[in-house]
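This report describes the surroundings of a ligand and of one selected residue. The sequence and the model are shown first.

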Amino acid sequence: MPEAPKNTLKPTADYNLELKNKKTLQFIEDVTSNADEVQKKVLEEILSRNAHVEYLQTRGLNGHTDRETFKKTMPVITYEDIQPHIDRIANGDTSPILSSNAISEFLTSSGTSGGERKMMPTIEEELGRRSLLYSLLMPVMSQFVPGLDKGKGMYFLFIKSEAKTPGGLVARPVLTSYYKSTHFKDRPYDPYTNYTSPNETILCPDSYQSMYSQMLCGLWQHKEVLRVGAVFASGFIRAIKFLEKHWRLLCNDIRTGTIDSQITDQSVREAVMKILKPDPKLADFIEAECSKDSWQGIITRLWPNTKYVDVIVTGTMSQYIPTLDYYSNGLPLVCTMYASSECYFGVNLNPLCKPSEVSYTLVPTMAYFEFLPVQRNNGVTSSISVPKTLNEKEQQELVDLVDVKLGQEYELVVTTYSGLYRYRVGDVLRVAGFKNNAPQFNFICRKNVVLCIDSDKTDEVELQNAVKNAVNHLLPFGATLAEYTSYADTTTIPGHYVLYWELSLNGNTPIPPSVFEDCCLTIEESLNSVYRQGRVCDKSIGPLEIKVVEPGTFDKLMDYAISLGASINQYKTPRCVKFAPIVELLNSRAVSSYFSPKCPKWFPGHKQWSNNN
Ligand code: AMP
């Protein structure tokens, strides 16, 4: 995840990039060599400064700051365990409940609880820690790709809407918080954070105007662009799709040196007009490239000096690799960092490696990390089993950062400076190697998530409830749902959820298409707020589709799974499919298909708040 500079700032006379890079790389050497000591200190620091907070006191930590007492005394928790505390803070209780520092805002995670975004309390100084992690990325990258200080990065970065809690604290996603902070807006000169997008275009709350203006600036400065990206792969592909739809308007602006009248945000207009000058030749060039039948390699054609695409393609985002390869003609796909609303975790020290080999080195100064061993259930689904609540023995089995074993999978547990203690993040990681004494992890998956297109994360229980609500529409027709499964279809842009339904028809009344469309919409209305925001606000998820399949399709699916080695006794219909031959089997037996006719409802903030947005 990149960061932008104040483009207007110029280097001071004593600016020494080489020295700066050297110092950063030395920092990485130091903290990874002394990983255990650093971790010990981090825990001591967190516990001593928070010794008097209610959460630690009521559990009887009694001011102890050592690992042994901490592990014996403090439970390993999930969001639901601390939700009552979080609700109190959201409702205006300013006493030191979780942290002795004032809670500055809530970071709204894309992970949800009860259909709403989880809210992570944070403190002002965490912004410094996030900045520190960002500052490691380019010195690492520059070891592999020289000369990146000689040009610009074209990154599509966006803010999302924010809400206020009843107690008056702002609640917004972590990147929105970061981009709006002075750490981002007023950064001192750094050649590595020289971006084509002026801050005003990133900070524009209207997603169309923000995308349009960022694309316009990126096209106009096309020769200077050395790297392109967005946070997640899905976001970058959305930008390319936007270009496909709007290149004529964009070319017109470049030709005339003006900005389209749909861009009404004054600060955006002013910032863009500082860059844009009429360039009919460039407009002709872009027009010629964009009107070709094939868009293969469009990135390298329009931005010919691009050396790599900087987007996260690990985890569920790996589904976008073929599309990115197509548009970029196989440029390196670079995953630089691993982070969350709870805490920023680590960096990829070998950024030019293949996406399937990416590993993140957790930076020991960011938080105190522990690891819960995970068992894998072998079989066709190779599902991952992690207990929901942990007994005392299991709580003792958590291992420290330097004690993880090569090849073993773990769930990440963090204790942060902002007031999370032994908190289960929900991500499963596998130890891929070590940098000095610090382990490097492959990102395996987020627990329980079955469907994901963008930042949405839908789990099996949410899907099941949503389907249950929808099938009520079928009752008047004497139809019931015999079986179902789902698929995240990313061949469309934006991608969308597909549900395969096999029906038992008992009545004779035909079911009109509008009833299935109502089913689609009911499912969307029942899904979590991150999904609905993606549909409504960001348009990052397309309308949900139901494909009705022939009777007997799910028996065929079972036969197929058994032919691949699944046990007949233990076979359960997978509620989500990914394996291409299975998707093909389902598609070949689809008899009709229906889409959600409109967007579901979505409001910023939790449903129980009246927000002041
Ligand atoms: P959020 O709390 O909404 O910022 O989402 C954080 C989650 O996004 C993490 O816990 C991961 O599940 C996922 N995530 C973040 N960075 C990466 C990455 N580099 N690769 C795969 N998943 C990631």
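## Basis of the description

Strands are DSSP runs (E) of at least two residues, numbered from the N terminus. Q440 belongs to strand 18. The model is predicted.

## Shell around the ligand

The ligand is surrounded by 14 residues, of which S110, T314, M337, S341 and D427 come nearest. By class, this shell comprises seven nonpolar, five polar and two charged residues.

At least two shell residues are supplied by each of strand 1 (105-113), strand 9 (337-339), strand 17 (423-435) and strand 18 (438-446). Strand 9 provides the largest share, three residues.

## Polar atoms at the ligand

A nitrogen atom of the ligand lies 2.6 Å from an N or O atom in the side chain of T314. For oxygen atoms of the ligand, the distance to a side-chain N or O atom is 2.7 Å at S341 and 2.6 Å at D427. On its own the ligand has 500 Å² of accessible area, and the protein covers 90% of this area.

## Environment of Q440

Is Q440 in strand 18 buried or exposed? Q440 has a relative accessible area of 14%; because buried means under 20%, this residue counts as buried.

Beyond its neighbours within four places in sequence, Q440 is in contact with several residues, including S359, Y360, R430 and F434. L349 is also in contact with Q440; these two residues are 91 residues apart in sequence, with their C-alpha atoms 9.0 Å apart in space. The side chains of Q440 and T361 make a polar contact at 2.9 Å.

Key
Residues numbered from 1 in each chain as written. Predicted model: local features only at pLDDT ≥ 70, side-chain atom pairs only at ≥ 80, totals over all residues. Heavy atoms only, no water. Near = heavy atom within 4 Å. Polar contact = N/O pair within 3.5 Å; in protein donor to acceptor, adjacent residues only side chain to side chain. Areas by Shrake-Rupley, 256 points an atom, 1.4 Å probe, with all protein chains shown as cover. Helix = DSSP H or I, 4+ residues; strand = E, 2+ residues; numbered from the N terminus. Nonpolar A, V, L, I, M, F, W, Y, C, P; charged D, E, K, R; others polar. Buried < 20%, exposed > 50% of the residue type's maximum accessible area, 1.4 Å probe, protein only. Contact = heavy atoms within 4.5 Å.
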